[in-house]
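Hello,

Here is the structure I said I would pass on. My notes on the chain follow below it.

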Amino acid sequence: MTDHVALLRGVNVGGKHPLPMKDLAALFAGAGCADVRTYIQSGNVLFTAEPALAAELPERMAAAILERFGIPAPVILRTRDELLDVVRHNPWPGDEAILQVLFLAGAPRPLDSGSNGEDSFALRGREVYLRLPNGAARTKLTNAWFDSRLGTTSTGRNWRTVTKLLELF
């Protein structure tokens, strides 16, 4: 069994797509995951699962959420070790208060690191680190911007949430 976190995109954000975390945890438990628990209301599920089950969970859970709740919610998985690597590879240590991470569902197309005004980004593997001094609400470096350029789906978390998820394992 391996420790995983499932990161859902677009649930319980700004009052849109309400999804009770208790129900979400029950879906993962019903799929065969163990030690299922959630963290905050934005679609973070920690669990353990065999690798074969984990490999099918993103599609399976996204379909179950759409069927049961009518919510299109991509599901992106990372293992505990992968999340630890995300923290270790932070390109802007000391800037954690203004740091976001986009987790990518698949391998991205190449994209050079860059900036848009004061905002900066760095692509590292299947993550995009965003340095956003004016906040996530004001940036033009959005999920849609990255999804279109990288050819995959992303979901973002602030640095505090990323490190808290790692602590919860």
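Of the 169 residues of the chain, 40% count as buried. Keep in mind that this is a predicted model. The accessible surface comes to about 8,400 Å², and carbon and sulfur atoms account for 50% of that.

On the overall fold: the chain holds five helices and nine strands. Read from the N terminus, the elements run β-α-β-β-α-β-α-β-β-β-β-α-β-α. The radius of gyration is 15 Å, close to the 15 Å that the globule rule gives for 169 residues, so the chain is as compact as a globular protein of that length. Its C-alpha trace spans about 45 × 30 × 30 Å along the principal axes. Among contacts between residues at least 6 apart in sequence, 66% join residues at least 24 apart.

I then looked at one sheet. It is open, has four strands in the order S2-S3-S1-S4, and its pairing is antiparallel. Strands S2 (34-39) and S4 (75-79) are at the edges; each has a single partner strand, so one side of each is left without a neighbour in the sheet. From one strand to the next the twist averages 25°.

S2 pairs with S3 (residues 44-49) over four bridges, in the antiparallel sense. Within this pair, Ala34 stands opposite Thr48 in S3.

Two helices pack on the sheet. Helix H2 (residues 51-69) touches S1 (2-8), S3 and S4, and its direction makes about 155° with that of S4. Helix H5 (residues 159-168) touches S1, S2 and S3, with its direction at about 155° to that of S2.

Regards

Conventions: Residues numbered from 1 in each chain as written. Predicted model: local features only at pLDDT ≥ 70, side-chain atom pairs only at ≥ 80, totals over all residues. Heavy atoms only, no water. Pairing = 2+ DSSP bridges. Axes fitted to C-alpha atoms, helices over the stretch in contact; angles between N-to-C directions. Contact = heavy atoms within 4.5 Å. Rg over C-alpha atoms; globule rule 2.2 N^0.38 Å. Buried < 20%, exposed > 50% of the residue type's maximum accessible area, 1.4 Å probe, protein only. Areas by Shrake-Rupley, 256 points an atom, 1.4 Å probe, with all protein chains shown as cover.
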